[in-house]
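Open the model in your viewer and keep the selection panel at hand. We will go from the whole chain to its cores, then to helices, empty spaces and two loop residues.

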Amino acid sequence: MFVDNARVTVKGGKGGDGCNSSYRDKMWRYPKPDGGDGGNGGNVIIRADNNLLTLYDFKFRQHFTALSGGHGSSNKKTGRDAADTVVRVPVGTIITEEAIGCKLRELLEDGQEIVVARGGLGGKGSAHLKYGDHEGTLGEEKILILDLKLIADVGLVGFPNSGKSTLISKISAAHPKIAPYPFTTKAPVLGVVESGVHTYSVADIPGLIKDSHVGKGLGDRFLRHVEHTKILLHMIDMAGSDGRDPIEDYRVISDELKFYSREVFKKQKILVANKIDLPSAKQNLVRFKKSVKERIIPISALENEGIGVLLNAIEKKLFARSN
């Protein structure tokens, strides 16, 4: 199950108490303080992990507390520092502190990490402080909001029922739900394409319709997942299966990308005319080419027609710099 938002509480470990003890030798008139220091509490660390693709695990666990430091003991023995608690999240996770609304970090690479709650310091033993409080300090406690933006090379955008799910199922091992009605896909789907020479990831972004950028449909929630993509595959139902006009579909989705973010709108795009196997698609394609002066690649995802040409076009744009 794909989950891209979570709310968690993190708390650093308490510092261990310092020991308040004294040693008295028969040769000394007064006892000598010999209490050791307490150990430091553990930190809570959030670390990005390439093996995770969703925040689903946080539906079942929302509280993370690090261990407390060990207490000091007599003979100046210091308590043990507690180990850090590591919380793993998918690459692309944004961490925000709820209380102040401040973004702490965006983890964009595998292994990147941030200390989100520091552990308390160990208390000083009587060997250092003859009088006063020897208790360790409490660790930091925060409420964090985790938001995930998928990291993918290619983002599939287009109206519902334009064939995005069928395409990603044909070119990768992903198996999204496919059915002849809108909003079949209700969460982004990530697939990996292996062409023999190159390997890259493709994300199916669901729910884009008119006014998605202001919350209509599902697009307001999922548009953010195209921000980290390198290129966009704009899928157009050239057959107009749901009574829509392909030219109008193209303009609506282009406007939604522009209204959402100028950076997203300026990304490299490949126009894909899907369902070309249907009779009405060929007539619409002629009309579309006259109206939209951009290269468009005709395919039939269902019949595997034109898929090779499309994959070659994707690889040329993705790996042009490395060739």
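Start with everything shown and colour by burial: of the 323 residues in the protein chain, 50% are buried. Keep in mind as you go that this is a predicted model. Switch to cartoon and you can trace six helices and 16 strands. Contacts with a separation of 6 or more are drawn mainly from distant parts of the sequence, as 72% of them join residues 24 or more positions apart. Turn on the surface next: the chain exposes about 16,800 Å², and carbon and sulfur atoms supply 50% of that area.

**The cores**

Now hide the surface and select V10, I46, L55, F58, I95, V116 and L146. These belong to the largest nonpolar core, which has 36 residues, and they are the ones that touch the most other members. To see where this core comes from, highlight β1 (5–11), β4 (44–49), β6 (85–90), β9 (113–117), β10 (141–148) and α3, each of which gives two or more residues to it. A second core of 24 residues is separate from this one; select V154, I168, V272 and I307, which are among its members.

Go back to F58 and centre on its ring. Which residues does F58 touch, leaving out those up to four places away in sequence? Show A6, V8, F64, V87, R88, V89 and L146, and you have the list.

**Two helices**

Select residues 164–171, helix α1. Six of its eight residues are buried, so the helix is mostly covered. The buried residues are K164, S165, T166, L167, I168 and I171. Add β11 (154–157), β12 (189–194), β13 (199–204), β14 and α6 (307–319) to see part of what covers them. I168 is a familiar name here, as one of the residues of the second core.

Move on to helix α5, residues 279–291, and pick out A281, N284, L285 and F288, which are buried. The buried residues of α5 pack against β14, α3, β15 (268–274) and β16 (296–298).

**Empty spaces**

Rolling a probe the size of a water molecule over the atoms shows where empty space is left. How many cavities of 30 Å³ or more does the model hold? The count comes to one, and the largest cavity has a volume of about 30 Å³. To find it, select G158, F159, S162, H234, M235, I236, D237, R244, D249 and I253, which line it. Both β14 (231–237) and α3 (246–260) supply at least two of the lining residues, with β14 giving the most, at four. By class, the lining has four nonpolar, three polar and three charged residues.

For an open space, go to the second largest pocket, with a volume of about 280 Å³. Select N50, L53, I151, L190 and S201: of the 13 lining residues, these lie nearest its centre. Nine of the lining residues are nonpolar, two are polar and two are charged.

**Two loop residues**

Finish with a pair of backbone stops. N75 sits in the loop between β5 (63–65) and β6, and its phi is near 60°, a positive value in a residue other than glycine. K275 is in the loop between β15 and α5; it too is not a glycine, yet has a positive phi of about 65°. Are these residues buried or exposed? N75 counts as exposed because its relative accessibility is 57%, whereas K275, at 15%, counts as buried.

Notes
Residues numbered from 1 in each chain as written. Predicted model: local features only at pLDDT ≥ 70, side-chain atom pairs only at ≥ 80, totals over all residues. Heavy atoms only, no water. Buried < 20%, exposed > 50% of the residue type's maximum accessible area, 1.4 Å probe, protein only. Contact = heavy atoms within 4.5 Å. Areas by Shrake-Rupley, 256 points an atom, 1.4 Å probe, with all protein chains shown as cover. 1 Å grid on protein atoms, 1.4 Å probe; cavity = no way out; pocket = protein on both sides within 12 Å on 5 of 7 lines; lining within 4 Å. Points joined across faces, edges and corners; volume = space filled by probe spheres on them. Nonpolar A, V, L, I, M, F, W, Y, C, P; charged D, E, K, R; others polar. Core = buried A, V, L, I, M, F, W, Y, C linked by side-chain atoms within 4.5 Å.
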